[in-house]
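Please open the model in your viewer and set the side chains to be shown as sticks. The stops below move from charged pairs to a single residue in a strand.

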Amino acid sequence: LTTACSVKAIREPIVNFIKQVYESFTHYSFDGDTTEKITKEYTIKSPDDFEQTNINKNNSLIAREYINKSGDIIEFKQMTTEYSTGYFVDNENGDIKTETLNGIEIQFKERYDTKSAIWTQNGYVFVIDCYGDISYDTIKQMIESLK
């Protein structure tokens, strides 16, 4: 057990949010065992009426897009913490809240018909951006389905 905890490749990477709040925006950066390359690809279960229409991949980012017949869009991104050196959120135009889901701190933002969630897990940064009529409960179900 001692050996497993002392070898970085064996133990689970711990990455934390650093949240800096300014007058017009909040900047999230990350601290801990950052990652430079995606070595494990994660997916989410999109709602049944959504179909994956696009995927872009490189060593630092995987972005998937899902669309339903109504034109609602879900974008799911997995990023390395080195790639995502920071994430900016507009404070003036929208509501921001923090929730803990299964022990993971998630930052939610809503602005007009857009809802977003950002969190760190297993050494990566994950973002779900939803455009259209998609509820927070649906976003939480997608987060819980991460595998």
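A salt bridge here is a side-chain nitrogen of Lys or Arg within 4 Å of a carboxyl oxygen of Asp or Glu. With that in mind, select Glu41, Lys57 and Arg64 in this predicted model, where these three residues are linked in a network of salt bridges. The structure as a whole holds eight salt bridges, and the next stops visit some of them.

Select Lys45 and Asp48 next, whose side chains meet in a salt bridge with N and O at 3.0 Å. Colouring by accessibility would show Lys45 as exposed, at 52% relative accessibility, and Asp48 as exposed too, at 71%.

Move on to Lys115 and Glu110, which form a salt bridge whose closest N and O atoms are 3.8 Å apart. Is Lys115 buried or exposed? Lys115 has a relative accessible area of 14% and is therefore buried, since buried means under 20%, whereas its partner Glu110 counts as partly exposed at 26% relative accessibility.

Now select Lys77 and Glu75, another salt-bridged pair, in which the closest N and O atoms lie 3.6 Å apart.

For the last stop, select Thr80, which has its place in strand β5, covering residues 73–80. Which residues does Thr80 touch, leaving aside those up to four places away in sequence? Its contacts are Thr35, Glu36, Lys37, Ile38, Asn59, Ser60 and Tyr124, and you may wish to display these around Thr80, which counts as buried at 0% relative accessibility.

Terms used: Residues are numbered from 1 along each chain as its sequence is written. This is a predicted model: local features need pLDDT of at least 70, side-chain atom pairs count only at pLDDT 80 or more; totals for chains, interfaces and linings use all residues. Side-chain values use heavy atoms; hydrogens and water are left out. Buried means under 20% relative accessible area, exposed over 50%, partly exposed in between (1.4 Å probe, protein chains only). Helices (H or I, at least four residues) and strands (E, at least two) are DSSP runs, numbered from the N terminus. Contact means heavy atoms within 4.5 Å.
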